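Welcome, and thanks for opening the viewer. Let's walk through this model one selection at a time, starting at the ligand and working outward.

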Amino acid sequence: MKKISLRPYNSFGVDAYAKDFVSVESEKEIVEFLEKNKSKSLLILGGGTNILFKKDVDYPVLKIDIKGIEIINEDDNEVLISVGAGENWNELVWWCIENDFGGIENLVSIPGNVGSAPIQNIGAYGKEISEVIENCRGVFRDNCSLKIFKNEECNFSYRSSIFKEDLKNKFIITNVTLRLTKKNHKINSEYYSLKNDLEENGIKNPTIKRIAQSVSNIRKEKLPDYEKIGNAGSFFKNPIIDKFKLKKIKSLYPDIISYNIGKSNYKIPAGWLIEKCGFKDIKQKKVSVYEKQALVIINLGDAKGIDIYAFSQKIKETVREKFDILLEEEVNII
Ligand SMILES: Cc1cc2nc3c(=O)[nH]c(=O)nc-3n(C[C@H](O)[C@H](O)[C@H](O)COP(=O)(O)OP(=O)(O)OC[C@H]3O[C@@H](n4cnc5c(N)ncnc54)[C@H](O)[C@@H]3O)c2cc1C
């Protein structure tokens with residue numbers, strides 16, 4: 001193990017050093033590592049696309065590189081596939097599409113690895129991974145015991161799960177099993193921009209491949225490629241507010257978009273709040289928000305993690321002052 005630069009391992013492209021860095025390719029290697037490093041702090045790393053390194057990591061980084069995609073059961077209608085945590089998520093989506101397995105086509109082009117996908121219950125274009133997860137298998141850090149969490153034990157919610165809350169840093173996901181359709185795919189094309197794209201192209205009954213192609217094209221238009229412009233996607237979660245607060249904001253800004261999510265609660269776009277605070281017009285040398293989507297904070301070149309963090313906190317403070325809404329980070333700050 002040696003001190004290593006984490007720049008190639010985080011999509012913000014910031015420089016930070018890890019004291020130790022080890023890549024593991026099996027559960028057995030994880031257990032061996034844990035037994036040797038008992039009671040040490042540890043950073044579990046996937047693709048590094050949802051992490052901001054504010055400083056060096058003075059404890060070991062454990063990179064999960066477990067590979068493998070296996071069909072473990074199937075009938076005429078459905079298939080269960082078991083996937084190693086270190087597989088690339090987007091490659092898995094395309095593999096499923098080539099095999100005509102439906103259920104994750106809307107989640108195409110989300111960067112990162114399979115093992116991290118359940119952590120924040122990745123979601124996009126009207127779907128969340130929790131809808132297709134059968135179970136998540138992994139290892140507890142404290143006693144190296146194995147456990148398989150069934151879907152209902154994962155406490156999935158909007159951009160969260162038991163692995164991001166109670167078990168944060170305590171449980172290492174090694175394998176994810178997905179239940180996908182082989183026929184009668186449940187096509188979800190209701191999301192506004194997806195629906196528009198299909199309509200514009202005259203497609204009435206899209207296949208899962210067509211959904212993935214549309215989503216992939218829309219994402220290319222809307223989001224920066226992190227290999228060229230460092231970023232970690234949405235920096236904050238979309239806040240949920242009650243009807244009284246929504247009414248108050250609407251009286252000042254009638255153009256606000258809101259989605260009723262049950263009872264009298266509404267989800268509103270964090271990007272809209274940030275834009276209304278004028279952050280799209282703030283030009284800085286190192287950090288800014290992306291011109292097409294204010295929810296994405298970008299590294300304009302040589303920003304340090306701490307510069308990005310400071311900018312994110314300025315956004316948070318301004319939104320709180322202007323709207324009395326406290327944004328919550330979606331990105332994991334280390
Ligand atoms: C351009 C861009 C667009 C994005 N779009 C979306 C989007 O549409 N929807 C969405 O939901 N997300 C999106 N994201 C965020 C990100 O892609 C997802 O959160 C992804 O699942 C992160 O995967 P990762 O492997 O890079 O995780 P990492 O960044 O490596 O890790 C994320 C967290 O999970 C923990 N972790 C990682 N692997 C494991 C494991 N095996 N066991 C236990 N803990 C682990 C880490 O410690 C960390 O806390 C986007 C990011 C970018 C850069």
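**First stop: the ligand shell**

Begin with β3, which gives the shell around the ligand its largest share, three residues. Please keep in mind throughout that this is a predicted model.

Now widen the selection to β3 (43–45), β8 (123–124) and β12 (171–181): each of these strands supplies at least two residues of the shell. In total there are 33 residues around the ligand, and those that come nearest are Gly46, Gly47, Gly112, Gly115 and Gly233. Colour the shell by residue class and you should find 18 nonpolar residues, 15 polar ones and no charged ones.

Where does the shell lie relative to domain 1 and domain 2? Colour domain 1 (4–64) and domain 2 (69–200) separately: both give residues to the shell around the ligand, so it lies between them.

**Second stop: Tyr125**

Select Tyr125 next, in the loop between β8 and β9 (127–128). Is this residue buried or exposed? Tyr125 has 24 C-beta neighbours inside 10 Å and therefore counts as buried, the cut-off for that being 20 or more.

To see some of its surroundings, show Asn106, Tyr191, Leu194 and Val215, which Tyr125 touches when residues up to four places away in sequence are left aside. For a sense of scale, draw a C-alpha to C-alpha distance from Tyr125 to Arg320: the two are 28 Å apart in space and 195 residues apart in sequence.

**Third stop: strands of domain 2**

Move on to strand β6 (residues 69–74) and strand β7 (residues 78–84), an antiparallel pair with five bridges. One place to zoom in is Ile71, whose bridge partner in β7 is Ile81. Follow the backbone from β6 to β7 and you will trace a hairpin with three joining residues.

Keep β7 selected and add β12. These strands also pair in the antiparallel sense, over seven bridges. Glu78 is a handy marker here, with Thr181 in β12 as its bridge partner. You have met β12 already, as one of the strands that supply at least two residues of the ligand's shell.

**Fourth stop: across to domain 3**

The domain assignment of the protein chain lists domain 3 (240–333) along with domain 1 and domain 2. Taken over C-alpha atoms, the centres of domain 1 and domain 3 are separated by 29 Å. Even so, the two meet: 10 residues of domain 1 are in contact with 10 residues of domain 3. On the domain 1 side of that contact, the classes are six nonpolar, two polar and two charged residues.

**Fifth stop: a sheet of three strands**

Next, find the open sheet with the order β13-β15-β14 and antiparallel pairing. Its edge strands are β13 (240–242) and β14 (259–260), each of which pairs on one side only. Between β13 and strand β15 (residues 265–267) there are three bridges, and Asp242 has Asn265 in β15 as its bridge partner. Then add helix α5 (residues 243–252), which lies across β13 and β15 and runs at about 90° to β13.

**Last stop: an enclosed strand**

Finish with strand β17 (residues 293–299). Six of its seven residues are buried, so the strand is largely enclosed by the rest of the structure. Its antiparallel neighbour is strand β16 (residues 287–290), joined to β17 by four bridges. Look for Ser288, which has Ile298 in β17 as its bridge partner, then follow the hairpin that links β16 to β17 through two residues.

Key. Residues are numbered from 1 along each chain as its sequence is written. This is a predicted model: local features need pLDDT of at least 70, side-chain atom pairs count only at pLDDT 80 or more; totals for chains, interfaces and linings use all residues. A residue is near a molecule or strand if its C-beta atom, placed from the backbone, lies within 6 Å of it. Ala, Val, Leu, Ile, Met, Phe, Trp, Tyr, Cys and Pro count as nonpolar, Asp, Glu, Lys and Arg as charged, and the others, Gly among them, as polar. Domain bounds come from an automatic or database domain assignment. A residue is buried if 20 or more other C-beta atoms lie within 10 Å of its own, exposed if 12 or fewer, and partly exposed in between; C-beta atoms are placed from the backbone. Two residues are in contact if their C-beta atoms, placed from the backbone, lie within 7 Å. Two strands pair if DSSP finds at least two bridges between them. Axes are lines fitted to C-alpha atoms, for helices over the stretch in contact, and angles run from 0 to 180 degrees between N-to-C directions.
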